[in-house]
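The exercises below are to be worked through with the sequence and the coordinates side by side. Each task is followed by a solution that goes step by step.

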Amino acid sequence: MSTQTDTGTRPAIAPAAGAAAAFRGAVAAEWTKLASVRSTWWTALAGLVVMAASAGQLAIYVANGNTNDDPADDAGVVTVGSVLIDSVELTQYVVLALGLLAITAEFTSGTIRTTLQCTPSRGRVLLAKAAVTGAVTFALGLPLGVVGVLVARPVLGEWGSAPVIDTIGDIVAVATYLALIGVLALGLGAALRSAVLTIVVLLATLMIVPLSLQEPDIEVLNRIADVFPGVAGGHFLAGDTEPYPPLGGLLLLAGWAAAALLLGRVALRRRDA
Amino acid sequence: MITLRGLTKRFGSTVAVDALTVDIAPGRVTGFLGPNGAGKSTTMRMILGLDRPTAGQALVGGRAYRELRRPLHEVGALLDARAIHPARSGRAHLGAMAHSNGIPTRRVDEVLDTVGLDGRAAAKPGRTLSLGMGQRLGIAGALLGDPPVLMFDEPVNGLDPDGVRWVRQLMRSLADEGRTIFVSSHLMSEMQLTADQLVVIGRGRLLADEPIGEVIARSTVAVRVRSPHPDGLAALAARLTAAGATVEAADRNELTVVGATADQVGDLAHELGVRLHELSAHAASLEQAFMELTADSVEYAGGPIEGGHR
């Protein structure tokens, strides 16, 4: 009996692709995409500038408040970490652009079709993007925190304190917060497709709606505002024990990010690309 | 092998693709032809799992595209040459594709070489690529995973004559290697040169799925007859009409006959003793065959069917 041979002339390729290998590949692809456009690096630089400016200004406010004639605005000696945390409120909008653009730029340029051709599983694509966005925004959050501290500390002067352990903790917390906000922006971007629309929704969710709820200082409205991602993240950063422990704020924010990703996955699966 | 089974896509009340059932076999170039808006791109997008079918299914190698983990090893596709990030280089674009499917990056250089893009062109950001370079980059992406099935949507768009010839040879050699090649084009003449098999659709419906030679052969062949004797020509016309052919008198000395071969017309003229100055068969080009095939679907688009004329 003769040995049976494959009559096909095409070279046989047997891609041994487990789900884990496929996910690793998707992550590598997303990183390549993010790193290969200059706007990523400009965004990171813009984040550093905004952080420096914001931390400097807020530190000046504290110092001025303590030295002017009005005793009502005296904050006393504050930690440099608290100034850093307040600075994140503005800086986050630059950082979340990274998560946003990771998906909306694909819709704008039409590369989403290439991406889905390479990785047909919508969930895998979005998870890979979330992993890269989260890692990059966390990694960016660390130098952002350092810059905020380095700027705020000398400006605060005698009105500031910088306990080492607490300050490092605050920097890591800021990086964690920014990573989750970045993933939240990514998920929303996948669901809404348009960068502008996503920014509007994020502004409303992170700032406008909770601020409006808190304005009249009514207990029920305040409790509702506490559930919003920006407020929950703020409680986590500030280490508040009310209305829930800091970990509660972190979990709430993480829940928002996860929900946004799920929403994005549903949209990617149902809509034609 | 690409298998379409009752593949249907509706956008609202519009039926873009209507119960398409076709097998696209390996080892040959299958041309995908149809007028604009016939549903060619929608069909290709459904094969790639980009558009969800309203009904039916599209399988590649027996599996739905969305189930594939490393699909670039199974199917390569060029859909839209313009789909590259304006700021990303062609090399990074291919690099990301390669990473996603576990393809070594040296393969990127190989396919860049195959499509004739040098290092300088591959380093340029997407926005600066010409349509022709975009097409080459898209083809490079399709070849990346060395897949047994390849799909090209209008691959010669924007290519210069050299590029067109190159694409033609590439598709031929890929088919000769035993791969399934499915290529759409609005250039009928291009199909005539490249395709072995034709799948023709109109208004989303399958109009023909047969070897290209048959499409041409089955279509109308007109026979031109010229004679210095108008009376003899009139007699010839009468006999041909009686035999079921359609005869049109171009002028007193010339007839155009459809529905009879040149041999038949010549025999009949001999029998009637009509002296001929010309007897020529005009083989229909694919263009004509295509027009005839799609005439109904275009007609259908023009207005309501009066009915009963067939």
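The pLDDT is the predictor's confidence in each residue, on a scale from 0 to 100. The model is a predicted one.

**Exercise 1.** Determine the mean pLDDT of chain A, and find where in chain A the pLDDT stays under 50.

*Solution.* Begin with the chain as a whole: the mean pLDDT of chain A is 91, and 94% of its residues reach 70 or more. Then turn to the stretch of low confidence, which is residues 1-15 of chain A, where pLDDT stays under 50 and for which the model has 14 contacts beyond four places in sequence.

**Exercise 2.** Describe the side of chain A that touches chain B by its elements and by residue class.

*Solution.* First count the participants: chain A brings 32 residues to the contact, and chain B brings 37 residues. Next assign the elements of chain A that give two or more residues, namely helix H1 (19-35), helix H2 (38-67), helix H3 (80-109) and helix H4 (111-118). Of these, H1(A) supplies the largest share, eight residues. Finally, sorting this side of chain A by class gives 15 nonpolar, twelve polar and five charged residues.

**Exercise 3.** Decide whether B:Ala38 is buried or exposed, and place B:Ala38 in its surroundings.

*Solution.* Locate B:Ala38 in the loop of chain B that runs between strand E3 (28-33) and helix H1 (40-47). Because 25 other C-beta atoms lie within 10 Å, B:Ala38 is buried, the cut-off being 20 or more. Leaving aside neighbours within four places in sequence, the contacts of B:Ala38 are B:Ile201, B:Gly202, B:Arg203 and B:Gly204.

How values were computed: Residues are numbered from 1 along each chain as its sequence is written. Chains are lettered from A and ligands numbered from 1 in the order in which they are written. This is a predicted model: local features need pLDDT of at least 70, side-chain atom pairs count only at pLDDT 80 or more; totals for chains, interfaces and linings use all residues. Helices (H or I, at least four residues) and strands (E, at least two) are DSSP runs, numbered from the N terminus. A residue is buried if 20 or more other C-beta atoms lie within 10 Å of its own, exposed if 12 or fewer, and partly exposed in between; C-beta atoms are placed from the backbone. Two residues are in contact if their C-beta atoms, placed from the backbone, lie within 7 Å. Ala, Val, Leu, Ile, Met, Phe, Trp, Tyr, Cys and Pro count as nonpolar, Asp, Glu, Lys and Arg as charged, and the others, Gly among them, as polar.
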